[in-house]
Amino acid sequence: RDLGMDSITVIQRFGSALNLNLHFHILVLDGLYAIDPRTGALRWVRARRPSTAEVERVVERVAERAEAWLARGGFSGDEPTDDDPDDAQATIQAAAVMGRSALRQGRRARRIQILGGRPHALPPRCATCDGYTVHAGVAIGARNRKGLERLCRYIARPPLAKERLEEKADGSLRLHLKRPWSDGTVAFVFSKAELVERLAALIPPPHKNQVLYH
């Protein structure tokens, strides 16, 4: 008899450049507990590791269902929006999704580059489809408690590490990336108002839990 499986979902709304990038970190057991019908004892049944092809099918299904759900709500992307002109939150969120600044008429955030761009290949058990990405390549052993703690800290981390933020002599703020991007970007430069704008765009809706237990 199947006793099901437990999981924790942490909703994150930010990318490494403080852009609005809604994604879900889901920590799940890679198997399930079941009662042996012969002995009545509880036993652990581990699932096999998914293949990259299986992850590809999952992300295609996610993209299809998510877009259908958005279309039913009137967010197909083809219809004009009717935003409240007095609501700045919608404007700065839209700019943050695209990595731009609403204060500077939609221009891209400034980048500091040290080398040219290069192709970036997805790792195994990771696939993308129409802007949706599923990454299923991280597994922690049952006895690796420190590894599990590091993973939990990672999925629940805040959007900004203060040690990565540097104030320059001209008053601007430089946000250093943890590691260079494939196109050579190592940092972003914001004015103080632009930084506040980015942070404001990351505020979740009222009364919406950002950690879900299943």
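**Salt bridges and burial in a predicted model**

Colleague: Is aspartate 36 buried or exposed, and what is its relative accessible area?
Modeller: This structure is a predicted model. Buried means under 20% relative accessible area. Aspartate 36 therefore counts as buried, its relative accessible area being 11%.

Colleague: With which residue does aspartate 36 form a salt bridge at 3.5 Å?
Modeller: The cut-off between a side-chain nitrogen of Lys or Arg and a carboxyl oxygen of Asp or Glu is 4 Å. The closest N and O atoms of the pair are 3.5 Å apart. The partner counts as exposed, at 75% relative accessibility. The residue that pairs with aspartate 36 is arginine 38.

Colleague: Which residues do salt bridges with shared partners join into one network?
Modeller: One salt bridge has already been described, that of aspartate 36 with arginine 38. Salt bridges that share partners make one network of Asp36, Arg38 and Arg43.

Colleague: How many residues apart are arginine 46 and aspartate 30?
Modeller: The side chains of these two residues meet in a salt bridge, with an N to O distance of 3.2 Å. Arginine 46 belongs to strand S4 (residues 42-46), whereas aspartate 30 sits in the loop between strand S2 (20-28) and strand S3 (31-35). The pair thus links distant parts of the chain, and its separation is 16 residues.

Colleague: Which class of accessibility, buried, partly exposed or exposed, does aspartate 30 fall into?
Modeller: Its partner arginine 46 is exposed, with a relative accessible area of 59%. The limits for the middle class are 20% and 50%. Because its relative accessibility is 34%, aspartate 30 is partly exposed.

Colleague: About how many helical turns separate glutamate 149 and arginine 153?
Modeller: A salt bridge joins the two residues, their closest N and O atoms lying 3.2 Å apart. Glutamate 149 is partly exposed at 42% relative accessibility, while arginine 153 is exposed at 60%. Both belong to helix H3 (residues 145-155) and stand four residues apart, so the separation is about one helical turn.

Colleague: How many salt bridges does the rule give in total?
Modeller: The pairs include arginine 46 with aspartate 30 and glutamate 149 with arginine 153. By this rule, the count of salt bridges is seven.

Colleague: What percentage of the residues in the chain is buried?
Modeller: The chain has four helices and eleven strands. Its accessible surface is about 15,400 Å², with 55% belonging to carbon and sulfur atoms. Of the 214 residues, the buried share is 25%.

Methods. Residues numbered from 1 in each chain as written. Predicted model: local features only at pLDDT ≥ 70, side-chain atom pairs only at ≥ 80, totals over all residues. Heavy atoms only, no water. Helix = DSSP H or I, 4+ residues; strand = E, 2+ residues; numbered from the N terminus. Buried < 20%, exposed > 50% of the residue type's maximum accessible area, 1.4 Å probe, protein only. Areas by Shrake-Rupley, 256 points an atom, 1.4 Å probe, with all protein chains shown as cover.
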